[in-house]
Amino acid sequence: MSTINIDILIIGAGPAGLACAKILAEQVRKVLGLERRQEIGPKVCAGGITQDGLLRQLPAELIERSFCEQHIFTSLQQTVVQEPEPVIATVSRRALGQWMAERARLAGAEILTGVKVDSIEGLRVIAAGSSGNRTFTCSQLVGADGANSLVRRSLGIPAAHRGPGINFQVPARTCEQMEWHLDTRAFGCGYAWIFPHKDTVSVGAYSPQTEMSAGRLKRGLLRWAAGRGFELDELACQAALINYDYRGYSFSPVWLAGDAAGLSSGLTGEGIYPAVVSGETIARRILDPRSSESPIIELVKKQRLHRRVTDISARNSTCAFLLMELLMLMLRFKLVSFHALEMAPSPQQQ
Ligand SMILES: Cc1cc2nc3c(=O)[nH]c(=O)nc-3n(C[C@H](O)[C@H](O)[C@H](O)COP(=O)(O)OP(=O)(O)OC[C@H]3O[C@@H](n4cnc5c(N)ncnc54)[C@H](O)[C@@H]3O)c2cc1C
């Protein structure tokens with residue numbers, strides 16, 4: 001088995017890996033990305049991006065629907081958060097991934113698809129693809145391989161705080177509202193969403209409770225959705241974990257980005273923006289170790305705040321219920337802004 005030596009190896013071509021690859025390749029660094037799937041992009045996801053996060057950075061043709069209003073429901077209350085500009089928009093993960101991959105490749109990055117990394121020992125990586133097993137060695141290794149990151153495991157870092165997310169993409173259904181349902185009976189300290197896309201609607205649920213199985217969450221979601229006229233039983237159910245157990249990103253010369261680093265929000269499950277920001281920041285720090293790490297530091301501040309709220313509400317069902325109702329009261333009386341629920345810095349911090 002021949003060994004391929006590469007300057008920088010990135011495992012995973014999701015938003016984190018692709019954002020990292022583009023910046024490195026722009027600076028003429030030899031960078032190779034390995035992606036186990038044949039096609040870049042598709043991922044279990046509701047496809048929500050926020051105005052303060054990525055919405056402003058993406059071309060209009062990637063935006064499927066955008067919403068100035070957010071309809072939020074708890075067991076006892078409901079409210080509509082309204083802003084002059086769209087607060088959240090939806091994108092297709094396939095289209096987002098293809099667009100990011102094209103930009104990374106145009107910058108000079110090489111990305112191999114259908115290549116699954118099977119083992120990692122330090123900076124030596126063994127991967128399997130259609131042409132058999134290959135060994136890679138590198139001087140810098142970026143783990144952008146998602147919530148079940150092998151790179152993270154190779155560093156001996158556990159991921160104890162991961163919650164299941166479930167998504168159904170409902171075809172041909174007219175739906176005009178973006179909705180959040182903080183229903184503690186069905187979803188504990190998680191929530192369900194209805195996110196309209198161009199020709200489909202994403203109906204799903206997330207729970208930060210590590211002991212909540214995807215099966216239990218799915219049963220709660222099916223019952224809840226049927227009550228709203230969504231018959232999901234016949235549709236393909238997709239499930240994946242969201243990792244919010246952040247324990248650092250720099251283990252130089254090994255780095256962790258996005259879900260591999262546990263940078264998603266434990267409260268909302270938002271992870272695309274943290275993936276892009278951490279991928280870009282890592283690339284800049286590989287290029288120049290003196291470059292600022294503040295984008296990741298800002299992310300971590302918000303992530304820790306979300307984590308504290310999540311930890312309190314996960315204690316028991318009464319805590320979850322009281323916290324959801326309190327959060328709703330604060331949103332209704334504008335004591336807290338909807339932007340506090342987003343991972344991007346709030347407008348006043350930017
Ligand atoms: C149901 C659900 C709904 C969600 N909704 C939203 C939302 O609306 N908005 C939002 O911001 N976030 C959402 N998220 C979270 C979001 O999808 C992730 O946080 C985000 O995709 C993380 O990006 P990433 O690049 O770190 O990892 P990923 O997108 O998971 O990419 C990792 C890549 O690595 C590849 N890979 C993994 N292992 C290997 C290996 N051994 N060898 C080679 N390749 C490998 C994978 O195939 C994948 O392409 C949702 C998550 C779930 C589960």
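Which residue forms a salt bridge with K116? The partner is D118, and the closest N and O atoms of the pair are 3.0 Å apart. The model is a predicted one. Both ends of this bridge have some access to solvent-sized probes: K116 is partly exposed, with a relative accessible area of 40%, and D118 is partly exposed at 41%.

The structure holds 9 salt bridges. Two others are worth a look. D245 pairs with R247, with the closest N and O atoms 2.8 Å apart. Here the two ends sit in unlike settings. D245 is buried, with a relative accessible area of 3%. R247 is partly exposed, at 40%.

Next, go to helix α7. R307 and D311 join their side chains in a salt bridge, 3.4 Å from N to O. Both residues lie in α7, 4 residues apart, which is about one turn of the helix. R307 has a relative accessible area of 19%; the cut-off for buried is under 20%, so R307 counts as buried. D311, at 36%, counts as partly exposed.

Stay with α7 and turn to its neighbour. Helix α7 covers residues 294-313, and helix α8 covers residues 317-332. The two pack at an angle of about 130 degrees, and their axes are 7 Å apart. Angles over 145 degrees count as roughly antiparallel and those of 65 to 115 as roughly perpendicular. The angle here falls in neither range, so α7 and α8 are oblique to each other. On the α7 side, the contact is made by V309, I312 and S313. On the α8 side, C319, A320 and L323 meet them. Of these contact residues, 5 are nonpolar, 1 is polar and none is charged.

Now consider an arginine without a bridge. R285 is found in helix α6, residues 272-287. R285 is buried, yet has no salt bridge. Why not? The nearest side chain of opposite charge, E293, is 4.3 Å away, and a salt bridge needs the nitrogen within 4 Å of a carboxyl oxygen, so this pair does not qualify. E293 is still in contact with R285. Leaving aside neighbours within four places in sequence, R285 also touches Y249, W255, S291 and S292.

Finally, R56 gives a contrasting case. R56 is found in the loop between β3 (48-50) and β4 (63-67). R56 is exposed, with a relative accessible area of 52%. The C-alpha atoms of R56 and L232 are separated by 33 Å. Along the chain, these two residues are 176 residues apart.

Conventions:
Residues are numbered from 1 along each chain as its sequence is written. This is a predicted model: local features need pLDDT of at least 70, side-chain atom pairs count only at pLDDT 80 or more; totals for chains, interfaces and linings use all residues. Side-chain values use heavy atoms; hydrogens and water are left out. Buried means under 20% relative accessible area, exposed over 50%, partly exposed in between (1.4 Å probe, protein chains only). Lys and Arg count as positive and Asp and Glu as negative; His and the chain ends are not counted. Contact means heavy atoms within 4.5 Å. Axes are lines fitted to C-alpha atoms, for helices over the stretch in contact, and angles run from 0 to 180 degrees between N-to-C directions. Angles under 35 degrees count as roughly parallel, over 145 as roughly antiparallel, 65 to 115 as roughly perpendicular and the rest as oblique. Ala, Val, Leu, Ile, Met, Phe, Trp, Tyr, Cys and Pro count as nonpolar, Asp, Glu, Lys and Arg as charged, and the others, Gly among them, as polar.
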